[in-house]
Amino acid sequence: EGDATVTVTDEAGQKVEFPVVAVSADKAAYLGSGNYFSVPFTMRNGAVDESMSSLNSITFESRINIEALNGSNDAQINTIMGVEKIFLLRVDVHKDASDTGKRYLQLAADDKGGIRYEGSTEIKTGQWYDVAVVLDGSKSGEERISLYVDGRKETLQLQNGTPDDLNNVDLTSAFYIGRSDGKRHLNGSVTYARVWTIALSDQEIAANCGKILTSDMEGLAANWIFTNVNDSESSFASITGKGFEAEAGTPVTVWTEDPVLSE
C-alpha cells in the first residue's frame with residue numbers, strides 16, 4: 001500500500017523512528033489437515049497471565065472455512081479454538097438415531113459435567129462462517145451459554161450437562177486454535193480468532209460479524225488476525241496490548257482468499 005515512518009515514544013519522551021512498508025493483506029491462513037496454532041497465554045516476562053485462568057464470562061469469535069470434514073479417526077470433529085475438556089468451540093456431527101453425518105457448531109466442556117451445547121445450522125465445507133460462543137457468568141441455567149453462526153443466535157438442538165458448573169474457567173493450559181486432543185484439526189482456513197473476558201450481547205456479536213477489529217476494546221483479551229503479511233509466518237501476535245503469540249505448528253505458507261479481506 002505504500003511506505004510510512006513509525007515513531008515510538010517511551011514514557012521518558014525518548015523517540016525512535018523507523019520506516020515500514022504497509023502491505024495489503026487479502027488472504028487468510030490455510031491450515032490444511034494438520035496445522036494449528038498454540039497459545040501459551042504468558043506475559044512478556046514468561047509468567048502465566050493469571051487474568052486468563054479464572055474466568056466466569058467468556059466470548060470466543062472466529063471466522064473459518066472448513067475444507068473437509070474429519071472422519072472417525074478424529075471423532076468426526078473439526079476444532080475451532082479453546083481448551084480440550086475445559087471450554088472448546090468445535091464442529092461436530094450430531095449423534096442420534098437418525099444421524100446423517102451433518103455437522104453443527106458445538107461447545108464442549110467435558111470435565112464440567114459433560115457439557116454439550118449444539119447449534120442447529122448445518123456447517124458445510126467450502127463456506128466461510130463467522131462463529132461465536134458466549135458464557136455469561138451473570139446468568140444461570142441454560143441462559144449461560146449461547147452459540148452464534150454468522151451473527152445470529154442459534155436455536156440449540158442439544159443441551160447436555162450443567163452449565164452452572166462452568167465457573168473459574170482456566171484457558172492458560174493447552175489453548176489451541178485449529179486443534180484439540182492432539183488431532184481433530186480445523187482442516188481448513190482461519191481469518192481471525194478473538195477471546196473476550198466478558199460476555200458479548202447478541203447485538204455486539206452481530207455488529208462484529210465478518211469484521212476485522214483493529215482497536216483495543218473493553219474485555220478484548222486477545223485478537224489474532226491470520227492474514228498474509230509475509231509469504232511464510234510462524235507466529236501471529238495478538239494486536240491487543242498483551243501481545244499473546246499464536247504459534248503455528250509449522251509455518252503458514254499457503255493462503256486462502258476471503259471476501260471480507262477485499263471489501
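**Cavities, pocket and cores: a guided reading**

Guide: In this predicted model, the largest cavity has a volume of about 60 Å³. Residues are numbered from 1 along each chain as its sequence is written, and side-chain values use heavy atoms, without hydrogens and water. Local features need pLDDT of at least 70 and side-chain atom pairs count only at pLDDT 80 or more, while totals for chains, interfaces and linings use all residues.

Visitor: What is a cavity, and what is a pocket?

Guide: Rolling a probe the size of a water molecule over the atoms shows where empty space is left. On a 1 Å grid over the protein atoms alone, a cavity is a set of points where a 1.4 Å probe fits but cannot get out, and a pocket is an open set with protein on both sides within 12 Å along at least five of seven lines; lining residues have an atom within 4 Å of a point. Points are joined across faces, edges and corners, and the volume is the space filled by probe spheres set on them.

Visitor: Which residues are the closest to the centre of the largest cavity?

Guide: They are E61, D130, V131, A132 and I205, out of 13 lining residues. Strand 10 gives the most to this lining, with three residues. Strands here are DSSP runs of E, at least two residues, numbered from the N terminus.

Visitor: How many cavities of 30 Å³ or more are there?

Guide: The count is two. The second largest holds about 30 Å³ of space, and its lining consists of E84, K85, L88, R90, A108 and D110. That lining has two nonpolar, no polar and four charged residues; Ala, Val, Leu, Ile, Met, Phe, Trp, Tyr, Cys and Pro count as nonpolar, Asp, Glu, Lys and Arg as charged, and the others, Gly among them, as polar.

Visitor: What is the volume of the largest pocket?

Guide: The largest pocket has about 220 Å³. Of its 18 lining residues, K139, E143, S146, Y148 and K153 are the closest to the centre.

Visitor: How many residues does the largest nonpolar core have?

Guide: In soluble globular proteins, nonpolar side chains tend to be buried together. A nonpolar core is a set of buried Ala, Val, Leu, Ile, Met, Phe, Trp, Tyr and Cys residues joined through side-chain atoms within 4.5 Å, buried being under 20% relative accessible area with a 1.4 Å probe, protein chains only. The largest core here has 50 residues, and F87 is one of those with the most contacts inside it. Apart from that core lies another, of eight residues, including A132 and L213.

Methods:
Helices (H or I, at least four residues) and strands (E, at least two) are DSSP runs, numbered from the N terminus.
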